[in-house]
Amino acid sequence: MTNRLTRDFPVLVVGAGASGIGAAVKLRGMGLTDFVVLEKAAELGGTWRDNTYPGCACDVPSALYSYSFAPNPEWTRAFATQPEIRDYLEHIAHRYRVTGHLRFGVEVLAARWDGEQWVLETTDGRYTARVLIAGAGPWHEPKVPDIPGLADFPGESFHSARWNHDYDLRGKRVAVVGSGASAVQFVPRIAPEVAELHLFQRTAQWVLPKPDHYVPRLERWLLRNFPRAQRALRAAEYAGLEALGVGFRHPWVLRLVQQAGRLHLRATVPEPRLRAALTPDYTLGCKRLLLSNSYYQALTRPNVRVRPTELSRIEGSVVVGADGGRTEVDAIIFGTGFHITDMPVADRVFDGQGRSLAQVWRGSPQAYLGTSVAGFPNLFLLLGPNLGTGHSSAFAIIEAQLSHVLAAVRLLAERDWPALSVRPEAQQRFNVAAQRALARTVYNAGGCASYYLDANGRNSFSWPWSTGELTRRVGAFDPADYLLVARTAAGSGKEPGGPVSSGRARDRR
């Protein structure tokens with residue numbers, strides 16, 4: 001039976017993925033135990049719980065894909081697989097005793113600032129919190145294109161993030177829509193077992209060889225027993241990715257890296273027409289960089305056909321491409337990504353005047369250092385706008401943000417202040433600088449249309465500087481960039497306040 005009693009907490013976290021688990025660990029580390037993490041699913045893990053498609057794995061080296069305070073010496077591959085990452089998050093939750101803070105099966109329907117606190121309406125009744133940390137993340141809600149006729153398709157259809165493991169693909173005629181990060185991993189796994197595979201590829205992708213390998217037991221033993229070895233490996237992989245990151249900021253460097261991509265394509269796809277269809281016409285890095293040792297090979301199989309066109313409509317069991325080609329299939333699998341810059345959470349969080357984040361953003365998400373949004377007091381977004389680096393680990397971003405968030409939480413508690421709201425001018429200053437810097441990066445100047453660009457054509461996803469700069473700037477909480485919000489009558493929406501005294505403000509770039 002649903003409990004409709006109001007529950008009040010100093011801090012409430014939404015989402016039990018890598019962001020939410022990290023937030024819970026850090027909150028306990030600062031001595032706060034009166035908080036809760038709401039998770040709508042029945043288990044923790046976030047995107048690494050939801051994505052169980054064949055071949056699902058990380059495209060960041062394993063040594064970097066963990067919290068810095070809890071490195072994992074037990075990865076069995078250089079690029080960890082989904083089950084291992086999911087197990088790692090479960091291990092962290094138990095090791096740092098945060099499982100007691102998790103409430104599963106609780107979906108947040110709406111979160112409203114009432115002038116004094118956040119009021120959340122959930123499937124488990126009402127919750128209130130002084131501070132709200134949103135950890136749902138951008139890789140959360142699958143994006144399925146609105147294709148005419150899909151609702152009447154008589155066969156099986158699903159998104160890769162909602163893989164139907166009960167459906168037997170053996171001997172089936174399958175259409176795969178999309179050629180991004182997920183498809184690059186699952187297409188090689190299903191191609192040998194299906195009768196036909198028709199890949200609808202709107203845009204050719206740069207795919208580089210993946211330096212993946214099994215990690216021998218001896219190496220894992222060394223990493224487990226000699227922490228310096230693990231730190232050295234992590235530092236080496238960090239340095240390698242940061243070197244690649246230089247190219248993202250200076251596209252001419254990546255045009256040199258493209259030669260490796262061309263060689264990889266030529267070595268694995270001998271047929272000229274197919275190779276031409278798989279050759280991108282933009283600079284490597286403009287879209288998400290993909291790694292695979294088997295994708296191109298899978299596309300050369302006799303039962304696989306690459307359709308360099310969009311899927312335009314479905315007529316019964318026939319899929320019709322934009323080029324007019326018609327194919328009868330038994331199943332459709334969408335590898336079409338997620339709602340990245342139009343995250344559903346933006347429709348569920350409301351300020352004191354009743355405006356949702358989505359209404360305030362109007363198609364272009366903006367935040368101060370990707371973390372705080374002007375007019376939304378005591379709200380902190382993890383993996384928020386303009387924090388995607390394109391080359392480094394999400395864990396580095398999460399930890400930098402948590403340093404910022406916990407400093408704010410600590411300040412509120414120590415001084416018994418009601419709320420902090422980022423100054424509009426601080427948010428504007430950051431976003432102007434970020435967009436100016438992005439104009440020179442491969443994300444904006446690489447000649448492609450990617451999910452980095454929002455509905456208005458603005459890059460709301462990418463971070464234009466180095467990971468080190470992200471750690472330094474995002475991790476540093478400057479009270480001078482926030483306003484102290486006075487208590488008001490609940491629901492009044494008024495937010496009178498003054499500057500927070502803190503001494504000299506930090507870097508204003």
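The legends below describe an overall view and several close-up views of a predicted model.

**Figure 1. Overall dimensions and composition of the predicted protein model.**
The secondary structure of the protein amounts to 14 helices and 21 strands. Taken along the principal axes, the C-alpha atoms fill a box of roughly 70 × 55 × 45 Å. The radius of gyration is 23 Å, in agreement with the value near 23 Å for a compact globule of 509 residues. Of these 509 residues, 55% are buried. The exposed area of the protein is about 21,400 Å², of which carbon and sulfur atoms supply 52%. Among contacts between residues at least 6 apart in sequence, 72% join residues at least 24 apart.

**Figure 2. The parallel five-strand sheet.**
Five strands form an open sheet with parallel pairing, in the order β7-β16-β8-β9-β12. Its edge strands are β7 (156-159) and β12 (304-307), each of which pairs on one side only. Direction ignored, neighbouring strands of this sheet are turned by 15 degrees against each other on average. The edge strand β7 runs parallel to β16 (residues 331-334), and four bridges join the two. Within this pairing, Phe158 has Ile333 of β16 as its bridge partner. Helix α4 (residues 181-190) packs on the sheet and touches β8 (173-177), β9 (196-200) and β16. The direction of helix α4 makes about 170 degrees with that of β8.

**Figure 3. The antiparallel three-strand sheet.**
A further open sheet consists of three strands in the order β13-β14-β15, with antiparallel pairing. Strands β13 (311-315) and β15 (326-328) stand at the edges; each has a single partner strand, so one side of each is left without a neighbour in the sheet. On average, neighbouring strands here are turned by 25 degrees against each other, direction ignored. Strand β14 (residues 318-321) and β15 run antiparallel and are joined by three bridges. The bridge partner of Val318 in β15 is Glu328.

**Figure 4. Surroundings of the buried residue His101.**
His101 is located in the loop between α3 (82-95) and β3 (102-104). With a relative accessibility of 9%, His101 falls below the 20% limit and therefore counts as buried. The side chain of His101 makes a polar contact of 3.2 Å with the side chain of Arg28. A polar atom of the His101 side chain also lies 3.0 Å from the backbone oxygen of Phe35. Leaving aside residues up to four places away in sequence, His101 touches Arg28, Thr33, Phe35, Val36 and Val37.

**Figure 5. Leu369 and Leu383, two leucine residues with positive phi.**
For Leu369, phi is near 55 degrees, a positive value in a residue other than glycine. Leu369 is placed in the loop between α10 (357-361) and β18 (379-381). With a relative accessible area of 3%, Leu369 is buried. For Leu383, phi is likewise near 55 degrees. Leu383 lies in the loop between β18 and α11 (394-415). A relative accessibility of 12% is under the 20% limit, so Leu383 counts as buried.

**Figure 6. Helix α14 and its packing partners.**
Helix α14 spans residues 467-475, and its buried residues are Thr467, Glu469, Leu470, Arg473, Val474 and Gly475. An α-helix has 3.6 residues a turn, so residues three or four places apart point the same way. The buried residues of α14 pack against α6 (227-249), α11 and α12.

**Figure 7. Arg429 in helix α12.**
Arg429 is situated in helix α12, which comprises residues 424-438. Its relative accessibility is 30%; this value lies between the limits of 20% and 50%, so Arg429 counts as partly exposed. Arg429 and Pro280 are 149 residues apart in sequence. In space, the C-alpha to C-alpha distance between Arg429 and Pro280 is 35 Å.

How values were computed: Residues are numbered from 1 along each chain as its sequence is written. This is a predicted model: local features need pLDDT of at least 70, side-chain atom pairs count only at pLDDT 80 or more; totals for chains, interfaces and linings use all residues. Side-chain values use heavy atoms; hydrogens and water are left out. Buried means under 20% relative accessible area, exposed over 50%, partly exposed in between (1.4 Å probe, protein chains only). A polar contact is a pair of N or O atoms within 3.5 Å; within protein, one must be able to donate a hydrogen and the other to accept it, and residues adjacent in sequence count only if both atoms are side-chain atoms. Contact means heavy atoms within 4.5 Å. Two strands pair if DSSP finds at least two bridges between them. Axes are lines fitted to C-alpha atoms, for helices over the stretch in contact, and angles run from 0 to 180 degrees between N-to-C directions. The radius of gyration is taken over C-alpha atoms; the globule rule is 2.2 Å times the number of residues to the power 0.38. Accessible areas come from the Shrake-Rupley method with a 1.4 Å probe; for residues, only the protein chains shown count as cover.
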